[in-house]
Structures are given as structure tokens and as C-alpha cells.
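Reader: Hey, I'm new to this one. Could you walk me through the aromatic rings and the charges around them?

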Amino acid sequence: MGIVALPFLPFPFSTPSPGLRRRERCSPATGGARGRRHLRTARSPPPQKHLRGGRMPGRGRPSPCQRGPAPEPPREGGGGGRGKEEKAARGKWGSCALPAPPRAGAMGPAGGARAAPSLLLSLLLGASAPLWLRAEKLGDGCGHTVMYQDSGTLASKNYPGTYPNYTLCEKKIQVPPGKRLILKIGDLDIESQKCESSYLTIQSSSTLHGPYCGNVMPVPKEIILESNEATIHFESGSHVSGRGFLLSYASSDHPDLITCLERANHYTEAEYSRYCPAGCRDIAGDISGNIGDGYRDTSLLCKSAIHAGVIADELGGQISVTQQKGISHYEGVVANGVPSHKGSLSDKRFIFTSNGCNKSLSLEEGFLSKSQVTASSYWEETNEFGQLFQWSPGKAWLHVPGLSWASNHSSNREWLEIDLGEKKRITGIKTTGSGSTTPNLNFYVKTFTMNYKNNNSKWRTYKGILSNEEKVFQGNSDPGDIVRNNFIPPIVARYVRIVPQTWNQRIALKLELMGCRIMQANSSFTHSMWQKPSQSTETSLGKEDRTVTEPIPSEETNLGLKLTAIIVPILIVLCLFLFSGICICAALREKQKDFLTDYPVLRNQVVGNKSSSPSPDISQLNLPSAIIMRRRHHKN
């Protein structure tokens, strides 16, 4: 194995070329000429074409060095002499690159003794080369990877394209302690017949599953482990084709786990519920439709759920689906970074069960006329005919025809503010651009952030669901299409600001907010995504200065915490007073007992039976003088 790996070693240590060994053996070992010969030989090693007929060194005819002495080395700067010397040194059979055969049981003092350590080192390095190369490439065979504490998705590099040659991917996955790990292999296409150089294995604490590849053995669709963690190991050798692998995992709390590749037409039930893992948004596969009309039954289930805003890609979650009769046309829109494509007639479509909190806030009764929309600035335009056009904030509503709002300046300090009149739960936003197809009015916002606040509170920035950084939403890519973004978790606030970050030509947009009133949401806000025990997703209604990503307890929980914070300290103080009183009483009793023990006559007078006999004279008692004086003073 080491000999095969020698030509591919990227080390400066290798077996000296035969020409170097032979010239060293043929030349006199003297002085600077020898050093110059080493330098010359290192600069221009003899080409391999001088090995005629594939003869090995030491076999066949004797080498030219055995027939005569080596020619004189060239003088420094003698370029022409160098060529003549090499030509003369080659002789009839080539150059001194053919080493002389060593004598039996002996090593040449100049050649073999120096060559042996180098050869041994090269063999050792050659043997270890595959391991070294493997360690260097650890992880470069991994592709799409999203891992959350309860679920995740992994794929090989370039999936569903062909994975690279000679790569290695090793990932450790785990779920909370006390849970079992469930794995679902959505796709596996590894080009290997015997799983020798390319394969996939799943190693838990006690069991090795695999190797899986080619058609050697059937690949299980589901693997349930007895532990809460496992190591995914994918290795590839030389191959021509193969997609690699894609798998999903979740804890045993979600036995209805599906992969990102499941489509609605894989199921026949009219209603069903499944668990989508985290990380399905960027998996290749088309979807058609939208949350309002439903999705074509050929659409990927989990990717459609992310598009609909039912689950977040970073977390995954439970989805509830209802299958209905198909429609003739499915609209294509962009939502939550996922594009859906226009779809044709289908027999069936599916709709996600809604939580009832995705209505248009701008279309509520009387809200549109009473709403207050302000902005940092707005643009006034005068056309060539002298007509004045105002791109004022009041025109920012999506359902108001005509111009949109446009800022007078172009910077990321511009904003559009909406006063909802009262606290409301905001679950999403729809945006569009200027709506104009005129080239000089091609305005739209590409990316934006969201700020929010309540009465007399500071502005807060909406942050990512798993990070403490502000979330940048993907806006429009043209001035006409409507793009939707959902807030998971939702925003609970009265005031909302949209802050553009990037734009085309000029900042301009129309918008619509989706959500519901607070009291309506208290009874209908039951979606499992917003009830994950490991990730609180609601904004506090009582404390306005919290970020939306903090755990928010309910009002009953807040009341219980307040009562506990009051009662517990009181109980602790009472216990301390009671314990102190008991200790003081015990100390006094002990002191009285010791006093009466020391003075038995007084004890008989205090604790004995009361008699009618006169009390003895105090002077007759064996008492200290201080006590006698005190008692006499008391009588007087």
C-alpha cells in the first residue's frame, strides 16, 4: 500500500532518484566539486526516458559507471561543459540513473547507507498517506446541514447533484437526554457495489447500522435507536455518478416524522398530521400554490409549510393537512424566502389548518380610515407637465390604489411607522414595490428589518428565532409582485416600523399587516409551533421591554410567580423567628435548671409542695451574699 501511495505524497521526503544515487556512487567523494555535483544533480534530474526497455536497475547489462570512471564535473558557469558531460555520462545505455547492483550482504558506503533511511521514511509516509489525506478532508463531503435540539436534516455535498470523489463527512447528531433518536433516510444513491470505498454508516453507542450503498442490501426507511445520539459517517471513493444521501432525524416525541422529500400525493387520507424536521426550506423540489388557495398535491409538504408560514425552517414542527378537490390554476408567489411556481389543474390540493390569526389588519372595520401611518420622509415629484405627485405615507396600504409610499432620501435610516391603535398580535407582512413598470420608476425594497414597541416603551428590533441578531427579511425582486414574510414568533405591539436596508433606485413600498386582536388570539392561538416547550414564541403582554425571542409565561404563571415571591420570604422570616424563640426558651430553662441544682434548699422552696409552715430565715440558707442582699431589698 505504501509503495502505491509514494508518487502522490506531497512531502519533500522521498526516495532519492536513481540518478542521484548513481552519480554519488560514481563520483569521487571529495571536496567542493562533490557539493557542486549535488547541486547540479538536484537542479536537473535525469529524465525517466533513459530507462530503455523498462530495465530495472542492477539487471541486464552493466551500467556505464561500472565500465569507467565518472567524467569530471563541470566548472561553475560552464553551461556548455555541463551538456557535454551529461552526454558522455549517458554513454551507450543512457545515464548513471541506472544504479549498480549491490553486492550480496553488503551496502555501498555512499549509496545504500544514505538511501536506506530515506527509503524507509518514504515507505512509512506512504503507508500513512491515506489516513493523513482523510484527516485533512474531514467534513468536506458534508452538504446541506440544519440541526436543532429536537430535529434536523443532513445531506451529502452537492445533493441532489453528484457528490465529489474522495471526500468524508462525519456529523454527530443528538436529541435531548432521555429521548430516543429516530432517523429517516429520504434518499440514498451511493455508487458502490460492495461498500468498500463509498458507503454510509450510522453508529450509536451500542450498534452500527450499515454500511449502506448501491444495491448490496436494502436501505431501511426508518431507524429507531436506543440512545439519544449517533454519528453519521459518509465516505466516498472514485465514482462517476450518484446523488449521495439525504436523511432527517427527530426525537422519539415525534414518531410521525417525515423527510423533506415527502409530497402530499404520497398520502390518501383526507386529513392527517405529520412532523416536519428542521432544514427543509433549501431542499430541491417544486411547490405550487399559496396559503389562501392551497397547494397542488405534487408539492413538497414541509417546504409548503414553510412557505405558508406554518412552521419555521430553523425549528421544524407539526403540520395538519386537509386534502380537498383540486383547482384549475395555482398561483406562484414568494413567501418566507421560498418561491412557489404556477401550477396547472390537479385532482387534489391540500390546505394547512390555520390558527385563525392571519387576517388582514388593514381591512378590519374602520381601521383603514383611522390608522395613522407616518414616515421619516416622503418624496414629492413634479412631472414634465407641472403636475405634483406626493408619495406620502398614507398611500402605503396595499389595498389603496395608486402610488406607493417613497422616501425623499435613500439611506437605511428611513422608516415607515404604523400605529395600530391598540396592542395586536402581528403574524406576518406582505410587501410590494411602486407597482410601476416605467423604467425610471422601478422602485422596490429588497431587504428590511422590523422594529416594534408599545405605549411609553423603547423601540425593539425583531430578532432571529435562534439568535440574538436582528432578522433581515427578504423583500421584493421587482416592483409589482407581492412577497409575504411571517413572524415566527409573532409580534405583539401597537407600533410597528419597517426599516429598509437595501432597495432598487429608490425606497418605495406598499404593505399589509396580518394578524389578529389579542383577546381573539387567547382562545384560538393553539398552533403547535407556538407551543413548543423548548422554544417560547409569544411576546409578553404585560412586559413591553422584552424581546420576542424570550420565554414568555402566561398571565396565570405571572400571578403565581408574584404570589410565590411574596409568600416564600414571609414564611422564611416566620420560621426564623419561631426557631429563635425556641432556642431562647430552651437556653433559659437550662440556666434555671442549673441554678436550682446548685442550690438545693432554694429548689425545695421553689418547686416543692407548698406548705403552711413559715418560711425559713434567709440567713440560714446557703446562698451567695449578692442573692441575700437582693431578697432583703425586695422585702423592704
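Author: Sure. One definition to begin with: a charge sits over a ring if NZ of Lys or CZ of Arg is within 6 Å of the ring centre and within 35 degrees of the ring normal. Also, this is a predicted model.

Reader: OK, so which ring face does Lys471 lie over?

Author: That's Phe473: Lys471 lies over its face, at 5.5 Å from the ring centre.

Reader: And what about Lys453, which ring is that one over?

Author: Lys453 lies over the face of Tyr495, 5.4 Å from the ring centre.

Reader: Switching to ring pairs, how many aromatic pairs are there?

Author: The count comes to 13 aromatic pairs. Take Phe448 and Phe473: their ring centres are 5.5 Å apart and their planes are at 20°, so this pair is stacked, as planes under 30 degrees apart count that way.

Reader: Where do Phe448 and Phe473 lie in the chain?

Author: Phe448 is in strand 23 (residues 444-453) and Phe473 in strand 25 (residues 473-474), so the pair ties together parts 25 residues apart in sequence.

Reader: Is Phe473 buried or exposed?

Author: Buried, at 2% relative accessibility. Phe448 is buried as well, with a relative accessible area of 1%.

Reader: How are the rings of Tyr462 and Phe473 arranged?

Author: Their centres are 5.8 Å apart with planes at 40°, so that pair is tilted. Tyr462 sits in the loop between strand 24 (460-461) and strand 25, eleven residues from Phe473. Tyr462 is buried too.

Reader: Which residues form one cluster with Phe473?

Author: Phe448, Tyr462 and Phe487 join Phe473 in one aromatic cluster.

Note on methods:
Residues numbered from 1 in each chain as written. Predicted model: local features only at pLDDT ≥ 70, side-chain atom pairs only at ≥ 80, totals over all residues. Heavy atoms only, no water. Phe/Tyr/Trp six-rings, centres within 6.5 Å; stacked < 30°, edge-to-face > 60°. Helix = DSSP H or I, 4+ residues; strand = E, 2+ residues; numbered from the N terminus. Buried < 20%, exposed > 50% of the residue type's maximum accessible area, 1.4 Å probe, protein only.
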